[in-house]
Amino acid sequence: TRTLFDAVAARLPSRLKLASQLTSAYADAPVHSMTVSNVMGGMRGLPCILWEVSGTDKDGITYHGRTLSELQGLLPSWNGSSQVSPEAMLWYLYTASVPTRAELEAFSADLLRRSTLPAEVEEFCDRISSDISSIAQMIMCLSVLAPSSKFTAALAQGVPKMQLWRYALEDALDSTARVPMIAARIYINKYREGKHPDALLDPRVDLAENFTRLIGRVGDADFTELIRLYWGLHMDHGANVSAHTMRLSGSAWSDPYLTLASGLISGTGILHAGAIIQALRYNQGMLSALGTEPSDEAIEEYVTKTIANGCVVPGYGHALLRTADPRLEPIVHFLNCRPPQEDNEGAAMLRLIRLTTAIVPDVLRKHIPRMKSHAPNVDSLSGCLMYAQGLDVDFILLVMACSRGMGFMAQYVWDRALGLPIERPLSITMDQLMAQL
Ligand code: MLT
């Protein structure tokens, strides 16, 4: 059976050929004209970061040329699951090809073999104070994992530059398997007083089901399905803030574990992945102000007040997308297929987000017409859905980080495989800019 290493190696010559064509034959061809507003506006919309695993623009995202909905029809699922297997998505991101069942099973087994944590990482993790946020705990644990980097060892041995990707891929797969295990450990330490469940890793099931087992929810099929959905959807979205941070750190050949930590840090920002938490807190606030069954009018009034107070309604619009986020549709589908069984806080949240995603875009359109997009983004629902599944607000960001880290590692490996240079744009002061106009 072809391994992921074989599949990446097989794709590499054609990608190297294309890269060399671009850097030689087309070296001086213009791509885009840069304006002052690009410089002043955080490089928004400037196509200047080379990305191998996906392409983003204002209409959405394509992964090796295919849309999310095309991939949902193409990529395999695990038996009994209606979600694309996150491992299959990952294989696809690395290789631009759909894994056969045998490749997928061997890949999944390889990941599970890699998932054992060094004892010093477990001990370190168990000693961290539970006052520290889940994501910060993960960042600390990644630093403790860094000495096990095979990439760093290869650098120390003087492995030639164009061979480094193999060591990067070793670390990438190790970290893909280990990060969810650390996340589960953090969860048990923080939310279950360190009482680890008896359930051990089961080599017969996938990473998501093992994660479910390790956080003490053995047999919770709906939760496992949510994790599969969530991990599959959030792996890659081009040069978003966390991925771009990792891209930049990685371009200096920082080891994959510390590179991941750098991305997790920028992911905490509320203008980026932290928005998941903002959206959830906003909806929690709405439920406590309006009760558990608010009317459409009450929601409209609440949102209008937020706008009138000059505050942001989290979960709407996007830095880049100008149409509905393609990742939203599978989440809505998941939501619609699972009407709440009990009448509790989670059910109230699910009822609310069904209403808000329908009502809020029009309220925003009416009061803030200049917003470039009024559509709900993926953050408007994803955190709420996990909260309704019983996850604590603080931990939700870490579930997102597991996925983003897995996806970015494919980019890290390809950056090394293509021998891409360090990122070093020119910085310019406003006075220098003025002088050029
Ligand atoms: C993401 O997936 O990271 C968000 O949609 C933010 C972005 O793409 O900029």
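The exercises below work through a helix, the ligand site, the cysteines and a few single residues of one structure.

The model is predicted, so local features need pLDDT of at least 70 and side-chain atom pairs count only at pLDDT 80 or more, while totals for chains, interfaces and linings use all residues. Residues are numbered from 1 along each chain as its sequence is written, and side-chain values use heavy atoms, with hydrogens and water left out.

**Exercise 1. The surroundings of helix H10**

Task: Find which residues of H10 are buried, and which helices they pack against.

Solution: Begin with the terms: helices are DSSP runs of H or I with at least four residues, numbered from the N terminus, and buried means under 20% relative accessible area, exposed over 50%, and partly exposed in between, with a 1.4 Å probe and protein chains only. Helix H10 spans residues 207-214, and seven of its eight residues are buried. These are Leu207, Ala208, Asn210, Phe211, Thr212, Arg213 and Leu214. Next, take contact as heavy atoms within 4.5 Å; the buried residues of H10 pack against helices H4 (86-95), H5 (101-113), H9 (164-191), H11 (221-234) and H19 (393-417). Finally, look past the end of the helix, where H10 is followed by Gly216, with a positive phi near 90°.

**Exercise 2. A residue of helix H5**

Task: Decide whether Ser108 is buried or exposed, and list what Ser108 touches.

Solution: Ser108 lies in helix H5, and its relative accessible area of 7% makes Ser108 buried. When residues up to four places away in sequence are not counted, Ser108 touches Trp78, Glu87 and Asp206.

**Exercise 3. The shell around the ligand**

Task: Name the residues that surround the ligand, and sort the shell by class.

Solution: A residue is near the ligand if one of its heavy atoms lies within 4 Å of it, and the residues surrounding the ligand are His237, Asn240, His272, His318, Arg327 and Arg404. By class, with Asp, Glu, Lys and Arg as charged, Ala, Val, Leu, Ile, Met, Phe, Trp, Tyr, Cys and Pro as nonpolar, and the others, Gly among them, as polar, the shell has no nonpolar, four polar and two charged residues. Then consider the distances from a ligand oxygen atom to a side-chain N or O atom, which are 2.6 Å for His237, 2.7 Å for His318 and 2.6 Å for Arg327. The protein covers 84% of the 260 Å² of accessible area that the ligand has on its own, by the Shrake-Rupley method with a 1.4 Å probe.

**Exercise 4. Cysteines and disulfides**

Task: Explain why Cys311 has no disulfide partner.

Solution: A disulfide is a pair of cysteine sulfur atoms within 2.5 Å, and by this rule the count is zero. The sulfur of Cys311 is 18 Å from the closest cysteine sulfur, in Cys384, and this is too far for a bond. Cys337 is likewise in no disulfide, the nearest cysteine sulfur being that of Cys384, 18 Å away. As for accessibility, Cys311 is partly exposed at 43%, and Cys337 is partly exposed at 47%.

**Exercise 5. His244 and its partners**

Task: Place His244 in its helix, and find the side chain with which it makes a polar contact.

Solution: His244 belongs to helix H12, residues 241-251, and at 18% relative accessibility His244 counts as buried. Leaving aside neighbours within four places in sequence, His244 is in contact with Met43, Ile49, Trp51, Ala239 and Glu423. The side chain of His244 makes a polar contact with the side chain of Glu423 at 3.3 Å, where a polar contact is a pair of N or O atoms within 3.5 Å; within protein, one must be able to donate a hydrogen and the other to accept it, and residues adjacent in sequence count only if both atoms are side-chain atoms.

How values were computed:
Helices (H or I, at least four residues) and strands (E, at least two) are DSSP runs, numbered from the N terminus.
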